[in-house]
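Here are some notes to read with the structure open beside you. They start from the annotated positions and then move on to other places worth a look.

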Amino acid sequence: MASLLRSVFPRFTSNLIVSDTSRKLKMNSPDLPELFQPPVNRSMQTLDRSFFKKSVPLAAATVFDLKEITNVRKQLERSGDMLRLSPIKPLRNDEQTPGAKCFLLSPQVDANDPKTWSPILSQLVDNNLAKLKPFTLTLTYDDWTMHNILEAILPDIPEEEKETPAGFAQVGHVAHVNLRTPYLPYKYLIGQVLLDKNPNVTTVINKTFDVGTESVFRTFPYEVLAGPDDLDVVVHEAGCEFRFNFGKVYWNSRLGTEHARIFESFKEGEAVCDVMAGVGPFAVPAGKGKVFVRANDLNPDCHASLTDAIKRNKVDDFVMASCADGREFIRHATTELAQAPRKVVLKPKIRVSRKATVEERKAAEEAATKSAQTLEEPRTFDHYVMNLPATAIEFLDAFKGVYHNRQTEFAPYTSRKLPFIHLYLFQAKYATEEEECQEICERISENIGAEVKLTDPELEMSIRYVRLVAPKKKMFCASFRIPAATAFADP
């Protein structure tokens, strides 16, 4: 049954293996003793929380002198006699003896059978530091984890019929799953348990189709499994705040590290063209780093949220938002940058006392103005980001002639190199990554109209594996400089 839960929610399955009583066992551990497992009801149709109540017979060591609590705890931890089951607290009030405390002991200890006691435990009893009594531990729905409950109510599906769902991820207060066919009859049970066991989740949804199947904007049809139909979320990433409707835009919380890898490669004062910007996970953090960004997305909802994020995170001076076709935007933004580069005056923060006079404040402002620096946007882009893995590669033809008749602005005439393209794309999974990279180069070459090779020193090309999106499909990011034959071609 544990393997079933690993297939339903693989991201959250514990790998903890406990080999001795001195290590703490967790409720969602795959080797949780049956004694502590919840009651099973595989015919449950509606979640009945009251069903999950269980009395567990244990032993407890009562300590009458509260000054000895710390000492007894250390001794029981050293001997391995104390119950170590997270999140169950072993120290309890002794309900039979007012004012006394007791420690729950591990299941192998029988209060009425000294043969089950360790030497340390026996010594504690002999020295009157502790007295052993039977103790009934009552476990309820609140004590068990999401995995415990789902293991008790989901059916045992034969291995050959199992399909691995995409797991569950969280965006703001929304948890979304992608349940496969065998689990659909239990989707509302799954949704309610997930809602109960994750305090920061208030809405649970199930994607009914893969992202991009029904919409060019990578949005998806969904059904609500638990909670209100409220997908207006607030998300924080890279020190920035984004607000959007998760049902109307694309967002993947698992890509935060990948976003950072790209925008952290940008340098202050560089110019970036973010062609398929979404709500701004590349553009907005880059703007905070004083990088000039022209960001675009065809989805009006993305554009609205991107515009909001620009203002909310105070990067208006560096980030501009557009809502246009990506192919047109590449050419238009490149031309516009050459004709109207921006300038930003960077003034140091004015530090004056609250008691400063008007004259002192004015003097401080004048000093700040004199020491201000001006950052000017380059006339050519340093980077193009194309984050639309399903189809971005098809937009590479827009780079043909994008710098036609502008050869003298680049090496060897100047020190400036042709811009990098950071292209996200899906690729079929092959036996080796070498085969995958070879096909990626061939596909890029076909679409950009010039030969692209990993070994070409002029391109400074790298291909990075990002994640597995399906059993036979991977996501990669190919970074390379625009081939000169493409950039300077006759458009």
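1. **The annotated positions.** The unreviewed UniProt entry carries a "binding site" annotation that covers H259, D297, L298, D325, G326 and N387. Among these residues, H259 and N387 are included in the lining of the largest cavity. Please keep in mind as you look around that this is a predicted model.

2. **D325, from the annotated set.** You will find D325 in the loop that runs between strand 15 (319–322) and helix 9 (326–339). Is D325 buried, partly exposed or exposed? Its relative accessibility is 26%, so D325 counts as partly exposed, the class between under 20% and over 50%. Leaving aside neighbours within four places in sequence, D325 is in contact with N296, with F395 and with L298, and L298 is itself covered by the "binding site" annotation. A polar atom of the D325 side chain also lies 3.0 Å from the backbone nitrogen of R327.

3. **G326, the next annotated residue.** G326 belongs to helix 9. With a relative accessible area of 7%, G326 is buried, whereas D325 is partly exposed. Not counting residues up to four places away in sequence, G326 touches V275, N296 and F395. If you select N296 and F395 in your viewer, you can see them from the other side too, as D325 is in contact with both.

4. **Domains.** According to the domain assignment, the chain has domain 1 (56–140), domain 2 (146–230), domain 3 (255–342 + 375–488) and domain 4 (343–374). Domain 3 is written in two segments, 255–342 and 375–488, with domain 4 at 343–374. How far apart are the C-alpha centres of domain 2 and domain 3? They lie 33 Å apart.

5. **The two sides of helix 2.** In helix 2 (residues 69–79), the buried residues are I69, V72 and L76. Why do they line one face of the helix? Seen down the axis of helix 2, the buried residues fall within an arc of 70°, so they line one face. The general rule behind this is that an α-helix has 3.6 residues a turn, so residues three or four places apart point the same way. On the other side of helix 2, K74 and R78 are exposed.

6. **What helix 2 packs against.** The buried residues of helix 2 pack against strand 2 (54–63), strand 4 (91–93), strand 5 (101–104) and helix 3 (119–126). Just after helix 2 comes G80, with a positive phi near 80°.

7. **Two cis peptide bonds.** Please check these in your viewer. S86 and P87 are joined by a cis peptide bond with omega about 10°, and P87 sits in the loop between strand 3 (85–86) and strand 4. The peptide bond from A411 to P412 is cis as well, with omega near 10°. P412 is in the loop between strand 18 (383–386) and strand 19 (420–428).

8. **Two asparagines with positive phi.** N128 is not a glycine, yet its phi is positive at about 60°. N128 lies in the loop between helix 3 and strand 6 (131–139), and at 67% relative accessibility it counts as exposed. N405 is not a glycine either, and its phi is positive at about 65°. The loop between strand 18 and strand 19 holds N405, which counts as exposed at 60% relative accessibility.

9. **H173, a buried loop histidine.** H173 lies in the loop between strand 7 (168–171) and strand 8 (174–177). With a relative accessible area of 16%, H173 is buried, because buried means under 20%. Which backbone oxygen does the side chain of H173 reach? The partner is the backbone oxygen of D230, at 2.8 Å. Setting aside residues up to four places away in sequence, H173 touches N200, V201, T202, T203, D230, D232 and V233.

10. **C441, a buried cysteine.** C441 is part of helix 11 (residues 433–448). Its relative accessible area is 7%, so C441 is buried. Not counting residues up to four places away in sequence, C441 touches V452, K453, L454, M461 and I463. C441 and E451 are ten residues apart in sequence, and their C-alpha atoms are 8.1 Å apart in space.

Methods. Residues are numbered from 1 along each chain as its sequence is written. Side-chain values use heavy atoms; hydrogens and water are left out. Domain bounds come from an automatic or database domain assignment. UniProt positions are given in the numbering used here, feature names are shortened, and annotations may be inferred rather than shown by experiment. On a 1 Å grid over the protein atoms alone, a cavity is a set of points where a 1.4 Å probe fits but cannot get out, and a pocket is an open set with protein on both sides within 12 Å along at least five of seven lines; lining residues have an atom within 4 Å of a point. Helices (H or I, at least four residues) and strands (E, at least two) are DSSP runs, numbered from the N terminus. Buried means under 20% relative accessible area, exposed over 50%, partly exposed in between (1.4 Å probe, protein chains only). Contact means heavy atoms within 4.5 Å. A polar contact is a pair of N or O atoms within 3.5 Å; within protein, one must be able to donate a hydrogen and the other to accept it, and residues adjacent in sequence count only if both atoms are side-chain atoms. The arc is that of the directions from the helix axis to the C-beta atoms.
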